[in-house]
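Here's a structure to get to know, and we'll take it one piece at a time. Have the view open and follow along as we go.

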Amino acid sequence: MIEEVKVKSTCYHCGEDCQDAPIKADDREFCCQGCFAVYDLLRGNDMVDYYEMEKTPGSKRVEEHGNRWAFLDNEEVKRSLLSFSDAHISKATFYIPAVHCSSCIWLLENLHILNNNIRQATVNFTKKEVAITWQNENLSLRQLVELISKLGYAPDISLNKNEKEVKTDRSFYYKIGIAGFCFGNIMMLSLPEYLDTKNLVDPEYQVFFTFLNLILVLPVVFYSSWDFYKSAWNGLKYKYLNLDLTIALGILTIFGRSAYEMITLSGAGYMDSLSGLVFFLLIGRWYQSKTYEALGFERDYNSYFPVAATVVKEGKEETVLLKDLQVGDRILVRNQELIPADAKLMKGEGKIDYAFVTGESDPVSKSSGDFMYAGGRQTGGMIEVEIQKPVESSYLTQLWNQEVFKKYNQFQLTEVVSSLSKRFTYFIIILSIITAGYWYFQDASKIWNTVTAVLIVACPCALALVIPFSFGNVLRVLGKWGFYMKSSDSVEALATADTVVLDKTGTITQKTKGKLSFEGHLSAKEKSLVKSIVRNSTHPLSQMINNHLDEYALVKVEDFEEISGSGLKAYFNNEVIKIGSAKWVGAEKPDGKQTRVYISLGNEVKGYFEFVPQYREGLLNQLVQLKDAGINLHLLSGDNDQEKETLSPYFDELKFNQQPMEKLEYIRNLKSQGRKVIMIGDGLNDAGALQESQLGISVSDDIYHFSPACDVIMDAKSFPKLQDAMKLAKSSMKVIKIAFVLSFLYNIIGLSFAVTAQLSPIVCAILMPLSSVTIVGFVTGGIRWWASKLEKPKTRVIQKDWQTSIVPQTT
């Protein structure tokens with residue numbers, strides 16, 4: 001039962017004064033109905049643990065919601081805010097300024113417990129954004145925003161998406177500025193103490209300067225240093241000792257000792273060293289963050305994302321990179337291709353699968369004039385769409401990084417470093433206690449400086465920086481080579497792999513080159529039908545046939561369907577046309593082992609296209625190099641075994657006539673044997689195998705074919721550099737190990753000086769970020785040196801009709 005009582009108290013939810021009319025429930029008091037409503041939501045869903053994680057988590061609202069969010073019912077406003085919406089599911093991303101800690105993340109990512117219409121909420125803490133997917137039949141956009149607003153996280157909504165404000169944390173710069181100002185003034189006021197060797201300064205002035213320094217250091221200790229305390233406290237709260245704990249202890253140790261000396265007039269204290277320590281620590285942190293941001297920009301694959309679209313201009317088709325697409329451009333989207341930007345359907349019948357956005361794979365039918373959101377995959381025939389909004393590669397990045405496509409391989413190196421960093425902090429705290437005990441008996445006046453020096457000079461952050469900067473540089477180099485990686489974990493997977501599994505058609509063979517001939521009889525009209533059907537497919541053989549029949553006109557076919565591992569089907573004048581395997585079209589089993597694509601119209605088999613593949617340039621060289629490096633090579637092909645005799649000398653195992661599920665099971669079996677597997681494929685047939693492998697590499701030619709199931713998209717022209725990419729990844733592991741040794745040597749030398757009272761805290765404050773910068777410089781230079789070494793011209797074996805000759809390679 002809820003009763004109102006007339007007693008002043010503090011709100012259990014937001015911490016504000018309840019004034020004269022608090023609301024009482026469960027022996028807790030609330031300042032308003034809004035705060036009680038949040039508590040009631042949490043209590044009703046067994047989420048009151050939230051209040052143990054964060055005291056007074058809510059923010060005081062100066063007004064009830066009322067009609068504050070009424071504008072969100074406007075259809076035009078909703079469309080501008082939603083990144084996706086259909087009859088069942090909507091998706092939007094909100095900027096939430098109030099997000100500030102792990103408890104905020106916990107509550108926002110558990111919104112589905114508060115309202116079962118919310119399917120998923122993901123918080124991007126660094127950007128203070130939350131992406132929410134919800135069922136819109138029973139929960140409107142306005143109701144969703146009102147819900148998160150009641151929780152104390154009102155979104156900052158800007159309706160002009162083209163003029164997004166850059167939101168920066170200015171408080172960090174204020175902290176640096178205040179620390180620098182106080183440091184300079186404290187140093188100046190401390191000069192009489194340093195230079196007055198003959199006691200010429202009046203004692204009263206010395207006392208005045210001393211207390212003035214004490215006042216000046218307060219904003220440094222209680223404002224500029226606040227982030228160190230907050231981080232240390234959060235770590236302790238969740239039973240985790242981090243580097244900021246040692247820094248916080250060092251700052252408080254110097255301040256406590258100095259304040260005691262100054263107040264009791266027993267000494268001048270070390271406020272100049274303390275303010276200098278905080279100032280240099282903040283400068284070091286700023287420099288590290290800027291360096292990492294610069295590196296992050298360099299390795300941002302969005303700027304050279306290796307996917308393109310087929311643009312129709314004046315009746316001609318041309319391939320254009322996504323970043324060059326403009327609003328108003330008309331592009332072709334084939335079966336199994338993603339729509340790269342919000343667009344309007346102009347021609348064809350859309351059957352859009354929004355599984356990458358909503359998680360549901362049921363196709364949504366679209367007709368001419370319908371609006372379609374970016375990220376949908378066309379599952380029917382080819383369609384022509386007109387771009388309505390600018391392409392944002394960052395949105396495709398979100399699709400690529402969807403939870404369903406994440407892998408949870410445990411990489412040994414990352415685990416070792418994480419464990420070392422944690423144990424290092426324990427070691428430093430124990431060492432500082434031992435140091436204090438030693439100097440207590442030797443020279444008690446040196447306890448504070450030596451303990452502080454030990455706490456500050458130790459730098460596990462150098463260890464923590466080694467992997468991200470090493471792998472980040474590798475990502476940058478590989479990006480220039482045409483290998484676009486989803487995450488830095490892919491570098492370790494590439495370096496540790498011992499087995500490479502390759503698909504055949506479109507992977508080791510070229511999609512648009514090779515000999516193609518037709519056996520049978522097709523009229524000009526029938527050839528037009530075949531061209532009109534294969535044009536809808538991205539399969540390499542379909543594209544080959546499309547190019548072969550380039551001179552024939554197009555006709556309209558209906559109910560296009562592509563069956564993975566079998567072939568294509570469509571209707572013309574109620575007559576079915578099938579293109580694909582012999583079994584699919586109902587032909588007799590072929591006597592030979594050639595790669596064939598059969599054609600049937602109605603119940604009549606009209607003949608077949610016979611394909612003689614042309615292997616990718618440098619393939620033989622790559623296979624030989626990989627085998628020489630001790631890599632196990634396997635071939636999985638959906639085609640017959642025509643090429644078995646030719647390929648068998650270069651592979652440890654070959655499997656032909658493989659269906660998509662058989663490929664996936666084969667990869668799973670290799671992993672069960674302890675193999676670390678790289679799978680290299682090119683399309684839909686390989687999606688399961690790409691996802692199951694430790695590292696999935698999708699080969700991309702000049703057509704737009706986005707594959708979120710892979711970890712790496714490799715430009716087909718970069719195939720000859722596969723072994724170099726693996727060498728660079730392995731070299732990065734060597735650089736990391738050397739960097740670890742250097743980091744440990746630095747800490748051993750620094751600590752040896754610190755425990756023997758030969759380092760002052762301010763020198764330690766300079767050395768600590770300097771060590772990080774040194775490590776970053778070493779790994780960056782090391783990776784670039786290895787990359788330049790691999791890029792040098794060298795002698796290689798080239799392929800020529802499966803014969804070899806030695807020629808100099810050009811870069």
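**A walk through the model**

Let's begin on the outside: the accessible surface of the protein comes to about 38,600 Å², and 53% of that belongs to carbon and sulfur atoms. Keep in mind that you're looking at a predicted model. The protein has 811 residues, and 50% of them are buried. Its secondary structure adds up to 26 helices and 31 strands. As for how the chain meets itself, take the contacts with a separation of 6 or more: 66% of them are between residues 24 or more positions apart.

Now let's look inside. The largest nonpolar core has 57 residues. Leu478, Leu494, Leu502, Phe651, Ile678, Ile680 and Leu728 are the ones with the most contacts inside this core. Helix α25 supplies the largest share of the core, ten residues. Pick out Leu502 and you'll find that, leaving aside residues up to four places away in sequence, it touches Ile508, Leu623, His634, Leu635, Leu636, Phe651, Ile680 and Phe719. Apart from this core lies another one, of 31 residues, and Ala232, Ile251, Ala259 and Leu274 are among them.

Helix α25 is worth a second look. The helix covers residues 722-755, and Ile749 is found in it. Is Ile749 buried, exposed or partly exposed? It counts as partly exposed, because its relative accessibility is 49%, and the cut-off for exposed is over 50%. Ile749 also belongs to a nonpolar patch on the surface, together with Ile738, Val741, Leu742, Leu745 and Phe753. Together, these residues have about 510 Å² of accessible area.

On to the strands. In a sheet, strands pair through backbone hydrogen bonds, either parallel or antiparallel. One open sheet here has six strands in the order β9-β8-β10-β16-β11-β14, with antiparallel pairing. At its edges stand β9 (316-321) and β14 (371-372); each has a single partner strand, so one side of each is left without a neighbour in the sheet. Elsewhere in that order, β11 (residues 343-347) and β16 (residues 383-387) pair in the antiparallel sense over four bridges, and Leu345 stands opposite Val385 in β16.

Strand β12 (residues 350-353) has pairings of its own to trace. With β13 (residues 364-366), strand β12 pairs in the antiparallel sense over three bridges, and the bridge partner of Gly350 in β13 is Lys366. Two bridges also join β12 to β15 (residues 377-378), and these strands run antiparallel. There, Asp353 stands opposite Arg377 in β15.

Definitions and conventions. Residues are numbered from 1 along each chain as its sequence is written. This is a predicted model: local features need pLDDT of at least 70, side-chain atom pairs count only at pLDDT 80 or more; totals for chains, interfaces and linings use all residues. Side-chain values use heavy atoms; hydrogens and water are left out. Patches are made of residues with over 30% relative accessible area and no salt bridge: like charges are joined within 9 Å, nonpolar side chains (Val, Leu, Ile, Met, Phe, Trp, Tyr) within 5 Å. Accessible areas come from the Shrake-Rupley method with a 1.4 Å probe; for residues, only the protein chains shown count as cover. A salt bridge is a side-chain nitrogen of Lys or Arg within 4 Å of a carboxyl oxygen of Asp or Glu. Buried means under 20% relative accessible area, exposed over 50%, partly exposed in between (1.4 Å probe, protein chains only). Two strands pair if DSSP finds at least two bridges between them. A nonpolar core is a set of buried Ala, Val, Leu, Ile, Met, Phe, Trp, Tyr and Cys residues joined through side-chain atoms within 4.5 Å. Contact means heavy atoms within 4.5 Å.
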